[in-house]
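Q: Please take a close look at one loop position in this model, and then set beside it whatever else helps a newcomer to read the surroundings.

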Amino acid sequence: MSIEIKAPTFPESVADGTVATWHKQPGEACSADDLIVDIETDKVVLEVVAPADGVIGEILAAEGDTVLSDQVIGRFEAGAAGAAAPAESAAENAEASGEDKVGPAARKLIESNNLDAAAITGTGKNGGVTKQDVQNFIDSTAGKSAAKPAAVSASPAPLAAPLASGERLEKRVPMTRLRATIAKRLVQAQQTAAMLTTYNEVNMAPIMELRKKYKDLFEKTHDTRLGFMSFFVKAATEALKRYPAVNASIDGNDMVFHGYQDIGVAVSTERGLMVPVLRDTDSMGLAKIESSIRDFGMRGRDGKLGLDDMLGGTFTITNGGVFGSLLSTPILNPPQTAILGMHKIQERPMAVNGQVVIQPMMYLALSYDHRMCDGKEAVQFLVAIKDLLEDPTRILLDI
């Protein structure tokens with residue numbers, strides 16, 4: 001039975017998508033719920049799975065093609081037992097034809113570069129040529145062609161500069177939709193907002209001591225680790241309640257004040273930066289925050305974050321310290337008014353009660369939109385976070 005393979009139903013905020021990767025090729029058997037194709041949108045990568053046991057009958061939208069919501073992108077032949085055998089025999093005979101063992105994405109790349117398919121060694125199933133095989137062939141050919149003129153030149157070229165030792169390869173790849181959208185939003189934020197940044201520093205010793213004392217008991221009780229991010233989320237939540245302009249957003253000529261705190265936590269993934277949102281952080285405990293952030297990180301790594309995870313948000317926290325950043329200027333996440341940047345903990349000599357003491361210090365950066373927040377509010381907001389973090393019992397006592 002032939003079944004249409006359709007692109008997922010996109011939300012209203014997503015106009016179209018791009019076929020990212022076909023994980024199954026025509027004639028290749030697959031089981032029900034096996035991943036067969038990824039559709040990349042401006043925000044997330046959506047997965048399409050096999051509707052039943054069977055084989056891919058036909059691919060109608062190749063990798064790189066733009067598709068609309070619910071568009072037919074292929075056909076699926078249900079019944080793996082009847083369809084798998086011919087597929088294998090076709091793969092065995094593909095050696096002679098060369099064309100049959102080349103996937104759609106690989107064939108498209110071969111044609112665009114005027115390559116000979118027979119000259120490319122396939123590493124796919126049954127010797128099939130994959131897109132990566134073609135790209136590797138192009139890279140290796142580029143390296144050889146760059147070195148060839150020097151080897152076969154009949155006349156000396158004494159004035160020519162000597163070639164650098166080793167290969168100087170370049171690889172051009174198209175920007176993903178997610179990366180392009182991120183770039184567009186960041187540029188838009190810089191061009192449309194009156195953005196500036198205020199800095200402060202926080203002594204992390206109290207939190208580090210508290211964490212050291214209770215981390216084992218915390219993990220045993222709540223089945224999740226006690227990190228630093230939960231303290232920053234709770235401190236930011238309290239500060240947002242005190243300074244509502246920082247928790248607001250701009251919609252045209254209107255200022256929208258939110259009576260709740262939805263804090264986005266920036267997560268770095270292979271596909272780019274994503275900002276899943278913790279909802280109603282005022283009602284969340286440290287354990288719930290930590291487990292939610294851990295879940296975001298795991299799903300972001302596996303490409304499982306959905307649109308619902310990232311919609312909304314009234315404030316954002318980004319932690320460049322995990323990569324070693326000592327100080328940076330975070331860019332706003334429109335239409336939000338402000339974003340808090342965390343950085344690495346660095347031991348520095350500090351003056352404490354007239355004595356020089358080595359303390360674990362962290363620089364904090366708050367970028368904000370001056371159209372919405374005055375400098376006084378922004379500075380006081382950051383100082384409130386500093387005070388709460390340096391005396392974490394105030395977070396628990398809500399004072």
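A: Contact here means heavy atoms within 4.5 Å. This is a predicted model, in which local features need pLDDT of at least 70 and side-chain atom pairs count only at pLDDT 80 or more, while totals for chains, interfaces and linings use all residues. Residues are numbered from 1 along each chain as its sequence is written, and side-chain values use heavy atoms, with hydrogens and water left out.

The loop position to begin with is T224, which lies between helix 5 (205-222) and helix 6 (229-242); helices (H or I, at least four residues) and strands (E, at least two) are DSSP runs, numbered from the N terminus. With a relative accessibility of 4%, T224 counts as buried, since that word stands for under 20% relative accessible area, with exposed for over 50% and partly exposed in between (1.4 Å probe, protein chains only). Once its neighbours within four places in sequence are set aside, T224 is in contact with F218, E219, A287, E290, S291 and R294.

Another loop residue can be read in a similar way: Q336 sits between strand 16 (315-319) and strand 17 (338-342), and with a relative accessible area of 6% Q336 is buried. Beyond its neighbours within four places in sequence, Q336 is in contact with A248, S249, G312, G313, T314, F315 and T316. Two of these partners can be followed in finer detail, for the side chain of Q336 makes a polar contact with the side chain of T316 at 2.6 Å, and a polar atom of the Q336 side chain lies 3.3 Å from the backbone oxygen of G313. A polar contact is a pair of N or O atoms within 3.5 Å; within protein, one must be able to donate a hydrogen and the other to accept it, and residues adjacent in sequence count only if both atoms are side-chain atoms.

Buried residues also occur in a helix. In helix 4 (residues 177-192) they are R177, L178, T181, I182 and A189. These residues cover an arc of only 135° around the axis, the arc being that of the directions from the helix axis to the C-beta atoms, so they lie on the same side of helix 4. That buried set packs against strand 2 (17-22), strand 4 (35-40) and strand 14 (272-274), whereas the face of helix 4 turned away from the buried side carries the exposed residues K184 and Q191.
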